[in-house]
Amino acid sequence: MTVAVAGGGIAGLTFALTCHEIGVDVQVYESVPELKPLGVGINLQPNAVRELFQLGLENDLREVGIEAEEWSLFYYGAHPIWTEPRGTVAGYRWPQFSVHRGHFHMRLLQRVRERLGDDAVVCDARLTQFENHPDHVTASFTRSDGTELKVDAELLIGADGIHSTVRQQMYPDQGDVNWNGAIMWRGVSRGEPPRTNNSFVLIGGNEQRFVCYPVEPLDEQGETLLNWIAELRFDDVEMIDKSDWNRSATADAFMSEFLDWKFDWLDVPGIVDRSEGIWEFPMVDREPVDRWVDGRVALMGDAAHAMFPHGSGGATQGIVDTRVLGACLLEHGETPEALLAYEKELLQAVNELVIRNRGEGPMGVLFDIEDRIAEGKSIEDAIDPEAVADFMARYKEAAGTARDTLNASPPIIEPNRG
Ligand SMILES: Cc1cc2nc3c(=O)[nH]c(=O)nc-3n(C[C@H](O)[C@H](O)[C@H](O)COP(=O)(O)OP(=O)(O)OC[C@H]3O[C@@H](n4cnc5c(N)ncnc54)[C@H](O)[C@@H]3O)c2cc1C
């Protein structure tokens with residue numbers, strides 16, 4: 001028997017590579033008939049990059065992505081609030097990478113198929129339910145032609161994303177996703193990178209923001225693929241669940257609010273105009289839960305802890321999950337005890353991160369600044385550099401990405417343990 005995984009996203013595929021590294025048989029079942037390069041930009045923090053390097057994916061990251069150098073926050077009108085170096089520039093032993101989710105995902109798929117075989121990922125298999133037994137778990141899948149597939153496995157890992165079926169069975173009353181009133185419009189456009197070759201820039205305040213950063217190496221003309229996100233907050237709008245990563249939109253929905261966001265180093269309307277497409281996604285997460293494990297079944301990635309994307313934590317944490325579970329499988333075998341050890345190691349800290357991101361993650365620093373502006377202070381006087389520095393340091397410690405802690409921590413899986 002093998003370990004079965006529902007979901008061939010970033011977490012599911014990284015877990016498959018981890019199982020291969022440690023010598024555990026694994027089979028991934030993915031609902032869509034064919035995995036395609038979907039999504040736009042994501043950031044992988046050094047704690048996840050360390051794990052991807054150990055999986056032998058350093059060249060892949062360098063080919064599809066670009067090392068992040070700095071993170072810069074500007075108030076409306078582009079008043080600088082905070083700029084900090086990132087990745088190796090900031091002294092981390094591992095870089096931070098900005099990547100196009102779809103291109104990175106396709107590399108993971110390619111590596112899984114090369115290392116584990118073409119059949120390691122079964123597409124067009126949607127998990128519908130699971131049943132725990134004393135010595136195995138039965139997972140039921142349906143195909144688009146209506147046929148059913150039943151699989152007996154030692155363990156089932158639910159890496160099936162924010163609308164996880166595994167989680168829904170564990171928590172039938174969990175209700176809808178939690179929306180914070182903001183909508184993000186996202187896309188990628190070719191263009192010159194803002195500021196340095198690879199700066200992540202964020203402009204705006206609590207009601208309206210624009211994010212832009214490159215996700216590919218620069219071409220010979222000095223251009224790259226720029227990821228952008230325009231975000232607006234709405235009061236009194238009832239949310240119908242529109243949290244589909246593939247929902248396309250047009251610029252009419254938001255562009256009127258950004259028409260004058262033209263700075264000498266960033267032309268927001270120009271970037272949106274050149275976009276290869278526009279996708280709409282509400283800012284949603286899920287209420288943290290007390291258990292990720294039910295017998296021989298465990299949640300992983302967004303299924304376990306869908307979070308607001310402030311601080312680029314979603315994919316990063318999903319990758320870390322796979323490695324912690326890998327270490328637990330090595331120690332306890334493919335047993336329910338391994339799942340409980342994984343949950344014990346991560347659940348509390350990750351739940352705290354989900355809640356902390358509701359405070360806007362690193363952008364939470366804007367609340368104090370806007371309060372001072374509301375009291376009548378000028379933007380310059382409202383920014384207290386020491387308070388900002390302190391806030392940023394505390395966020396990173398909580399997110400597990402504090403430099404000295406990470407640099408000094410032992411590998412999650414000792415190399416050559418497989
Ligand atoms: C198409 C797509 C585009 C995305 N684009 C972005 C983006 O641009 N920016 C961003 O920040 N995040 C994006 N995300 C989310 C991001 O990938 C995750 O937050 C993060 O990488 C954690 O990954 P995950 O593997 O836990 O979840 P996901 O990447 O969401 O992967 C979950 C996988 O499970 C599959 N699945 C769902 N239900 C079932 C089922 N019942 N049975 C079997 N398989 C199932 C899905 O098809 C998907 O492939 C996107 C996700 C998807 C699916």
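How do the residues of the shell around the ligand divide into nonpolar, polar and charged?

## Surroundings of the ligand

In this predicted model, the residues of the shell around the ligand divide into 13 nonpolar, 12 polar and 6 charged. The shell holds 31 residues in total, and the closest to the ligand are G7, G9, G39, G161 and G301. Among the secondary-structure elements, those that contribute two or more residues to this shell are helix α1 (10–22), strand β9 (126–132) and helix α8.

## Nonpolar core

The largest nonpolar core of the model comprises 112 residues, of which V5, A16, A139, L156 and M300 touch the most other members. Helix α8, spanning residues 314–332, supplies the largest share of this core, with 8 residues. In soluble globular proteins, nonpolar side chains tend to be buried together.

One of these well-connected members can be followed in detail: once residues up to four places away in sequence are left out of the count, A139 touches A4, A6, L127, F130, V151, A153 and L156. L156 is itself among the residues that touch the most other core members.

## The sheet of seven strands

An open sheet is formed by 7 strands, which follow one another in the order β6-β5-β14-β15-β16-β13-β19 with mixed pairing. Its edges are taken by β6 (79–85) and β19 (279–285), and each of these has a single partner strand, so one side of each is left without a neighbour in the sheet. On average, and with direction ignored, neighbouring strands of this sheet are turned by 20° against each other.

Within this sheet, strand β13 (residues 178–191) pairs with strand β16 (residues 224–233) in the antiparallel sense, and the pairing extends over 10 bridges. At the level of single residues, L232 in β16 is the residue that stands opposite I183.

## The sheet of three strands and its helix

A further open sheet consists of 3 strands in the order β3-β7-β4, and here the pairing is antiparallel. The strands at its edges are β3 (41–44) and β4 (66–67), each of which pairs on one side only. Between β4 and strand β7 (residues 97–100) the antiparallel pairing runs over 2 bridges, and the bridge partner of E67 in β7 is F97.

Which helix lies across β3 and β7? That element is helix α4 (residues 101–116), which runs at about 90° to β7.

Notes:
Residues are numbered from 1 along each chain as its sequence is written. This is a predicted model: local features need pLDDT of at least 70, side-chain atom pairs count only at pLDDT 80 or more; totals for chains, interfaces and linings use all residues. A nonpolar core is a set of buried Ala, Val, Leu, Ile, Met, Phe, Trp, Tyr and Cys residues joined through C-beta atoms within 7 Å. A residue is buried if 20 or more other C-beta atoms lie within 10 Å of its own, exposed if 12 or fewer, and partly exposed in between; C-beta atoms are placed from the backbone. Helices (H or I, at least four residues) and strands (E, at least two) are DSSP runs, numbered from the N terminus. Two residues are in contact if their C-beta atoms, placed from the backbone, lie within 7 Å. A residue is near a molecule or strand if its C-beta atom, placed from the backbone, lies within 6 Å of it. Ala, Val, Leu, Ile, Met, Phe, Trp, Tyr, Cys and Pro count as nonpolar, Asp, Glu, Lys and Arg as charged, and the others, Gly among them, as polar. Two strands pair if DSSP finds at least two bridges between them. Axes are lines fitted to C-alpha atoms, for helices over the stretch in contact, and angles run from 0 to 180 degrees between N-to-C directions.
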